[in-house]
Amino acid sequence: MVHPHHALIRKRYQALADGDLDTLAELLTEDVVWRVPGHNPLAGEHHGRAEVVAFFRRLIDLTGGTAHVEPLAVFADDNWGIAIEAGSALGFAARHVSVYRFRDDLIAEVSFHPGDQYALDGYWQGRNKEPLHPRGILG
């Protein structure tokens, strides 16, 4: 039998694919933390449901709606989950890993780990003239 958190992670990817940020928000704790490392317009530590939804809205806007993230493999138990992902947008494609922590059967924390941080940052630096996220982390 598939663990309920496995289904929760898959539902998160489907909500993003559908552009359904309301459903995405319902999967998150009110005080969720979403970490995206690097030196790029999306990097930072995003706190709270509203800020995480704003992060995804910005991802959609910056990519003109072309961002696509597909879970290749999902593993989950009562407290933790891991998703190996294939992501693409505007001609850039890569594999990533996201580590999930759950609380009260909702997503409480996510740490995104790009397969090649330098390539991801370089892509965004060449593509966007916007300033870097003021709360960029890990560097």
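Buried, here, means under 20% relative accessible area. Keep that cut-off in mind for this predicted model, starting with a glutamate in one of its strands.

**Glu85 and its surroundings**

Glu85 sits in strand E4, which runs over residues 80-89. Its relative accessibility is 1%, so Glu85 counts as buried. What does the side chain of Glu85 make a polar contact with? The partner is the side chain of Ser98, at 2.7 Å.

Ser98 has plenty of company. Setting aside residues within four places in sequence, Glu85 is also in contact with Arg12, Tyr13, Val69, Glu70, Pro71, Leu72, Ala94, Arg95, His96, Tyr100 and Phe112. Take Leu72 from that list: 13 residues separate it from Glu85 along the chain, yet their C-alpha atoms are 5.3 Å apart.

**Leu72 and a nonpolar patch**

Leu72 belongs to strand E3. With 42% relative accessibility, Leu72 counts as partly exposed, whereas Glu85 counts as buried. Leu72 also helps to form a nonpolar patch on the surface, together with Phe75, Ile82 and Ile84. Between them, these four residues have about 340 Å² of accessible area. Strands E3 (68-76) and E4 are the elements that give two or more residues to this patch.

**Helix H3**

Now for a helix. H3 covers residues 49-62, and its 14 residues should span 20 Å at 1.5 Å a residue. The C-alpha atoms at its ends are 20 Å apart, so the expected span and the model agree. Which residues of H3 are buried? They are Val52, Val53, Phe55, Phe56, Leu59 and Leu62. After H3 comes Gly64, with a positive phi near 60 degrees.

**Positive phi in two loops**

Most residues other than glycine have a negative phi. Leu90 is not a glycine, but its phi is positive, and the same kind of note goes for Asp105, another non-glycine with a positive phi. Here are the two side by side:

| Residue | Phi | Loop | Relative accessibility |
|---|---|---|---|
| Leu90 | about 50 degrees | between E4 and E5 (92-103) | 31%, partly exposed |
| Asp105 | about 60 degrees | between E5 and E6 (106-114) | 55%, exposed |

The loop with Leu90 lies between E4 and E5, and E4 is the strand that holds Glu85. As for Asp105, its loop lies between E5 and E6. Asp105 is exposed because its relative accessible area is 55%, and the cut-off for exposed is over 50%. Leu90, at 31%, counts as partly exposed.

Terms used. Residues are numbered from 1 along each chain as its sequence is written. This is a predicted model: local features need pLDDT of at least 70, side-chain atom pairs count only at pLDDT 80 or more; totals for chains, interfaces and linings use all residues. Side-chain values use heavy atoms; hydrogens and water are left out. Helices (H or I, at least four residues) and strands (E, at least two) are DSSP runs, numbered from the N terminus. Buried means under 20% relative accessible area, exposed over 50%, partly exposed in between (1.4 Å probe, protein chains only). Contact means heavy atoms within 4.5 Å. A polar contact is a pair of N or O atoms within 3.5 Å; within protein, one must be able to donate a hydrogen and the other to accept it, and residues adjacent in sequence count only if both atoms are side-chain atoms. Patches are made of residues with over 30% relative accessible area and no salt bridge: like charges are joined within 9 Å, nonpolar side chains (Val, Leu, Ile, Met, Phe, Trp, Tyr) within 5 Å. Accessible areas come from the Shrake-Rupley method with a 1.4 Å probe; for residues, only the protein chains shown count as cover. A salt bridge is a side-chain nitrogen of Lys or Arg within 4 Å of a carboxyl oxygen of Asp or Glu. The expected span of a helix is 1.5 Å times one less than its number of residues.
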